[in-house]
Amino acid sequence: MNNAFFEDRILSVSDVCRLLSDSLGEMFWGLNVEGEVCNFKINSSRHWYFSIKDEKGSLLNCTCFASRNWNLDRPGNGDVVVLSGSLSFWAKGGSLSFNVDKLRKKGAGDLMAEIEKRRAYYQGLGYFDAERKRKLPETIGTIGVVTSDTGAVIHDILNITRRRAPGTNIMIFPCMVQGSGAAETIASRIRQANNFSACDVLIIARGGGSGEDLAPYSSAEVIEAVYRSVIPVISAVGHDSDFPLSDFVADVRASTPSAAAELATERAYRHLERLHALETGLEAAVLRILNTNRRRLGAVTVDKDVILRKLMAAGNTLKEAGTLERIMAARIHGAGMQMDGLMEEARTAIRTKVKQDGDKLARLQVGIGQSMWLVVERTSSLVQRYGLECRMHARAMLDDGRKRLGILVAETDALNPLAILSRGYSIATDESGRVVRNIGDTKAGETLIIRVRDGRIKAETKEISKEI
């Protein structure tokens, strides 16, 4: 297109603006522009509007739409950036703008190259080898955290730890997390925690940020401090997509600081869950036992009247046995006294008879005179006869007493319910104590208690037959 095409034409403003827009879009695309950011702002649609300038004072307006900037590192005023995109002309506003497709902060590429070089170096030394990484301790009583003491990271870690493992201590080692001097303070805090053996596990944490913001965690100072740490280290720097070199050298890598807190409290949380489960199971077991005992107690309460009747019946039986025992004892005592009386009567009769015979003998001796031998012979015969009569009389009295005593003892034995057992008989009862008097009182398979003279026999009924 040449100028002759426009010589005889009068163009409208819209025509000129459209011409500029079409021409710039077709001719100036895929440009890379470097400059310092100024006048940066974001509108409600999350589009970026800013300008870049150079040392000569030239200014270029730039636009980066939301569809392009969602995965770009947001710049700030004063940042030197390299932009990739195309020129465009806004016809309605009559302004030229540079549409940004890509944005890279000046020096970011150099930084990434340096970090990659450092990664290769330490990998060659074996700092990242899986064989040297340690497992987290089984029991973690104190968690050390190397991070800023004012940011949201420490609050997230504290909240998660208090919720999952209330008894775990948190020891904060505050440090700078970005900027000049951050690497030195991070490494110093790691060494400090190790020098005092202050914790069981150490979390190095910070929130997300740009490559420059996370650069301290890829520094040689931090890598060496993490590598030489006696305390197991969890690296939780940035978001899940960020991989500073501290992630590679640490014993455990967490995607976020919150995930690091969950890892450090995992075993305590599992123990707490198990404790809660045991408490729940124990409570359920106690409730089952209580319910079972309540049912058993109810059954015992229902049978209380039956038990009381059995106890009263057993008491009455014991009373009857005691009464029989007292009656037998009284009768035996009476028979003994009666026998003693008969023996005393026999002895008195003998003494009386002997005395009478002695008196007679004395009188006969006085009147014998010269016929002593005759009298003596006659007296001797009388004495023998009377002595024989006395002995026979005494024997008869003793025999009579023995007979009467035997009758009393027999009567007593007849009243003793256990005496019949000594003659070979027995008494059968069921397990409740009820006497089996006929075959209708028991049945096959039932257990019987058989009382004999010197004890009890527990037997099982095998067969029942009726005898005619």
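**Residues and helices in a predicted model**

User: Is R46 buried or exposed?
Analyst: In this predicted model, R46 has a relative accessible area of 53%. The cut-off for exposed is over 50%. R46 passes it, so R46 is exposed.

User: Where is R46 found?
Analyst: R46 has a positive phi of about 65°, although it is not a glycine. It does not sit in a strand but between two of them: R46 is found in the loop between strand 1 and strand 2 (48-53).

User: What is the relative accessible area of C38?
Analyst: C38 is found in strand 1 (residues 29-42). A residue counts as buried under 20%. C38 is buried, because its relative accessible area is 12%.

User: Leaving aside its neighbours within four places in sequence, which residues is C38 in contact with?
Analyst: One partner is L59, which is 21 residues apart from C38 along the chain. The C-alpha atoms of C38 and L59 are separated by 9.4 Å. Contact is judged on heavy atoms within 4.5 Å, so the C-alpha distance does not decide it. With close neighbours in sequence set aside, the contacts of C38 are F50, S51, K53, L59 and N77.

User: How many Å should the 14 residues of helix 6 span, at 1.5 Å a residue?
Analyst: The expected span is 1.5 Å times one less than the number of residues. Helix 6 covers residues 182-195, and its end C-alpha atoms are 20 Å apart. That agrees with the expected span, which is 20 Å.

User: Which residues are buried in helix 6?
Analyst: Buried means under 20% relative accessible area. In helix 6, the residues that meet this are A182, A183, I186, A187, I190, A193 and N194.

User: What arc do they cover around the axis of helix 6?
Analyst: The buried residues of helix 6 are A182, A183, I186, A187, I190, A193 and N194. They lie on the same side of helix 6, because the arc they cover around the axis is only 130°.

User: What covers the buried residues of helix 6?
Analyst: The cover includes strands as well as a helix. Among the strands are strand 6 (142-147), strand 7 (169-174) and strand 8 (201-206). The helix is helix 8 (220-227).

User: Why are helix 6 and helix 8 roughly parallel to each other?
Analyst: The axes of helix 6 and helix 8 come within 8 Å. Angles under 35 degrees count as roughly parallel. Helix 6 and helix 8 are therefore roughly parallel, as their axes cross at roughly 10°.

User: Which residues of helix 6 and helix 8 make the contact?
Analyst: The axes of helix 6 and helix 8 come within 8 Å. Helix 6 brings A183, E184, I186, A187, I190 and R191 to the contact. Helix 8 brings E221, V222, A225 and V226.

User: Within what arc do the buried residues of helix 8 fall, seen down its axis?
Analyst: The buried residues of helix 8 are V222, I223, A225 and V226. They line one face of the helix, because seen down its axis they fall within an arc of 165°.

User: What phi does S197 take, just after helix 6?
Analyst: S197 lies in the loop between helix 6 and strand 8. S197 is exposed, with a relative accessible area of 60%. Although it is not a glycine, S197 has a positive phi of about 45°.

User: At what angle do helix 5 and helix 10 (residues 257-264) pack?
Analyst: The axes of helix 5 and helix 10 are 9 Å apart. The crossing of the two helices is right-handed. They are roughly parallel to each other. Their packing angle is about 30°.

User: Which residues in helix 10 does helix 5 meet?
Analyst: Buried residues of helix 5 include V153, I157, I160, T161 and R164. These, along with D156, meet helix 10. On the helix 10 side, the partners are P257, S258, A261 and E262.

User: Is H239 buried, partly exposed or exposed?
Analyst: H239 is found in the loop between strand 9 (233-237) and helix 9 (245-249). Its contacts, leaving aside neighbours within four places in sequence, are G208, R253 and S255. Its relative accessible area is 46%. That falls between the cut-offs of 20% and 50%, so H239 is partly exposed.

Terms used: Residues numbered from 1 in each chain as written. Predicted model: local features only at pLDDT ≥ 70, side-chain atom pairs only at ≥ 80, totals over all residues. Heavy atoms only, no water. Helix = DSSP H or I, 4+ residues; strand = E, 2+ residues; numbered from the N terminus. Buried < 20%, exposed > 50% of the residue type's maximum accessible area, 1.4 Å probe, protein only. Arc of directions from axis to C-beta. Axes fitted to C-alpha atoms, helices over the stretch in contact; angles between N-to-C directions. Parallel < 35°, antiparallel > 145°, perpendicular 65-115°, else oblique. Left-handed = near helix turned anticlockwise from the far one by under 90°.
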